[in-house]
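Colleague: Before we rely on any labels, I should like to hear the reasoning behind them. May we go through the structure together?

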Amino acid sequence: MEKEILIMTLDVQNEMDVMLAHRRGMQFAKYSGLSLSEQTRFATAVSEICRNSLEYAMQGIIKFSIVQNKEINYLLAVIKDEGKGIPKLREILERNPQSYKGRGLGLVYARRLSDNFKITSTPKGTTVHIQKNIPVKTSMPSKLVVEGWIRHLEKEPVISAYEELKMRNIQLVELSEELKANSAMVEKQMVEIKKLNVQLSKSNERMKEFTYAISHDLKTPLSSLKLSAAYMENNPTATDTLIYQGIVSRSVNRLDRTIQSLIEIIDLQNQNQQIIKELVFETLFSETTEEYEQFIRESGVKIETDFSAAPGITYIEGHLHSLFHNLLSNSLKYKDEKRKLEIRVATKTASKKIILTFSDNGVGMDMDKVRDRLFVPFSRFSGQVEGKGIGLYLIKSMVESNGGSVAVDSSVGNGTTFTFSLIPYKLTDQVTIKKDET
Amino acid sequence: MKRNTIMIADDDEDLLFLLKTHLASVGYIVSSCGNGNAIIEKLTQEKPDVVLLDIEINGMEGDALCRQIKRDKRLTEVKVLIMSGKYDIERISLSCGADGYISKPLSYHIIERKISALFSAQ
């Protein structure tokens, strides 16, 4: 069902009327909630057609109205004249403003400036419909409101052509300002998009690394399974099958462990766990040490913390917890049997970041040898210690997915220091993340 | 006739056992190395005809090791077969100068074929 509210009808009999039509076009578009650039588009289209009526039919009539139907509300200008019609209308409408030099582009421009443009032309006259859609968020003006517009316009002082021109000039300046502001915004968005792009390609790279690593970790035990099965098939009466059974069960366990790790990684990346909170380092860290309390007590591990320079951070709780958990578990696993384990954890601020250092006096690593593979999932550097080899991978990918970074310094016999640069969230970021969940 | 010698370099003990047992059963003289750091030394001592080199041996990269082998003047006679589950194993094996590759998961049949192809090419 279409509902049309008539706003105003104007005669177009001279150049001043064309200007008035332009002016009213601007005003009604503005009252309807259109932006300055949309107002200008509508008013320009209207005045182009009015000028045509004046030029080719001596006079015309323009009717402004607001139309409401199921899908959309729009501002409508219908311009009618009783001229001899436009011969070769189709040809005129197909003129290309970039290559066509000459007069008669008014129709082409008006059509481009409209959201919907209809023209009928017969030897008895021409009618043009110019439609400009009203943004959905704007409510449809009622008849009462439209009457208010007209009363408002009646109070408007009569203005001269000079004043009218001056006013249009001001509008042009405003328009160019709006365009400038828009282009600044576009630029800002471009920067944002570029940043996201970098993040995306980083996460892509991580994904690739991860796929490589997991394929290695799955295919080695699969090889063992396949070869054992082939042996047992080819030697059904062999007496040494016990060895092969052992290999089968170890391989199955290893596959199982790899799949468990996968679940762990996916769990951590699960959006539902990404609750951003104001976190206190001291509290979170002591919660983590409690998980290993017995081990720490029995082996006399000394833990020193200094969170005084930066006591807290707004961060994804699950990530920070997992960070501490993995660091602590690594330190305890790779402690140097020759001395008591000492762990130092401290924070400080550096511009907008928080620097977290975690160091131990454990066995340490030869950085020249492990540097490239340190954060690759399923890499293990020590045959002695049971591990899935995903701790450091998790740490790195968590910190980086939150915009931060991690550096490692280590030497054999002296221990290891991890330095994290963490980018705090704002509590308002919660909203964005929650939105992504749905 | 001189029997051909093969060294298997992999950090997975089960896989070492399986490959070693099988290749010995089909007539090769087989040795093994489970430590990436010791491979070059062991190769120069034993000078096997072929080394089956895993793409990752306790943290060391097999392709880097292969480059090292190919640069080593003492090891010019040693043929290298890279073993890996990576999908781009062919590219990796070409880029590090390996004489061939074997995709994981392994099968006895393919390993034998790839090894004997190396010997018949000689």
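Colleague: How do you know that strand 9 of chain A and strand 10 of chain A pair, and in which sense?

Modeller: This is a predicted model, and every statement below is computed from it. Two strands pair if there are at least two bridges between them. Strand 9 (residues 342-350) and strand 10 (residues 353-360) of chain A have eight bridges, in the antiparallel sense, so the criterion of at least two is met. Within this pair, Ile343(A) stands opposite Asp360(A). The hairpin has two residues between the strands, and Ser351(A) takes a positive phi near 45° there.

Colleague: Which strand pairs with strand 10 of chain A over seven bridges?

Modeller: That partner is strand 12 (residues 415-422) of chain A, again in the antiparallel sense. Phe358(A) faces Phe418(A) across this pairing.

Colleague: What makes strand 1 and strand 4 of chain A edge strands?

Modeller: The order of the five strands in this open sheet of chain A is 1-2-3-5-4, with antiparallel pairing. Strand 1 (3-12) and strand 4 (116-122) each have a single partner strand, so one side of each has no neighbour in the sheet. From one strand to the next, the twist averages 15°. Inside the sheet, strand 2 (residues 60-68) and strand 3 (residues 73-81) of chain A are joined over nine bridges, with Gln68(A) opposite Asn73(A).

Colleague: Which strands of chain A does helix 2 of chain A lie across?

Modeller: Helix 2 (residues 36-57) lies across strand 1, strand 2, strand 3 and strand 5 (125-134) of chain A, at about 10° to strand 3. Helix 5 (residues 143-154) of chain A also packs on the sheet, touching strand 1 and strand 2, and its direction makes about 20° with that of strand 1.

Colleague: How do you know that the length of helix 10 of chain A agrees with what is expected?

Modeller: Helix 10 (residues 317-333) of chain A has 17 residues, which at 1.5 Å a residue should span 24 Å; the end C-alpha atoms are 24 Å apart, so the two values agree. Buried residues of this helix include His319(A), Leu323(A), Phe324(A) and Leu327(A).

Colleague: Why is the set around Leu81(B) called a nonpolar core?

Modeller: The term requires buried residues of the nonpolar kinds, Leu among them, joined through C-beta atoms within 7 Å. The largest such core has 40 residues, of which Leu52(B), Leu53(B) and Leu81(B) touch the most other members. Helix 1 (residues 13-25) of chain B gives the most to this core, with five residues. Leaving aside neighbours within four places in sequence, the contacts of Leu81(B) include Val50(B), Ala98(B), Tyr101(B) and Lys114(B). A second, separate core of 35 residues includes Leu284(A) and Tyr425(A).

Colleague: How many helices and strands does chain B have?

Modeller: Chain B has five helices and seven strands. Of its 122 residues, 43% count as buried.

Colleague: What makes up the side of chain A that touches chain B, by class of residue?

Modeller: The contact takes 21 residues from chain A and 15 residues from chain B. Helix 6 of chain A supplies the largest share of the chain A side, 12 residues. By class, that side has seven nonpolar, nine polar and five charged residues.

Definitions and conventions. Residues are numbered from 1 along each chain as its sequence is written. Chains are lettered from A and ligands numbered from 1 in the order in which they are written. This is a predicted model: local features need pLDDT of at least 70, side-chain atom pairs count only at pLDDT 80 or more; totals for chains, interfaces and linings use all residues. A residue is buried if 20 or more other C-beta atoms lie within 10 Å of its own, exposed if 12 or fewer, and partly exposed in between; C-beta atoms are placed from the backbone. Helices (H or I, at least four residues) and strands (E, at least two) are DSSP runs, numbered from the N terminus. Two residues are in contact if their C-beta atoms, placed from the backbone, lie within 7 Å. The expected span of a helix is 1.5 Å times one less than its number of residues. Ala, Val, Leu, Ile, Met, Phe, Trp, Tyr, Cys and Pro count as nonpolar, Asp, Glu, Lys and Arg as charged, and the others, Gly among them, as polar. Axes are lines fitted to C-alpha atoms, for helices over the stretch in contact, and angles run from 0 to 180 degrees between N-to-C directions.
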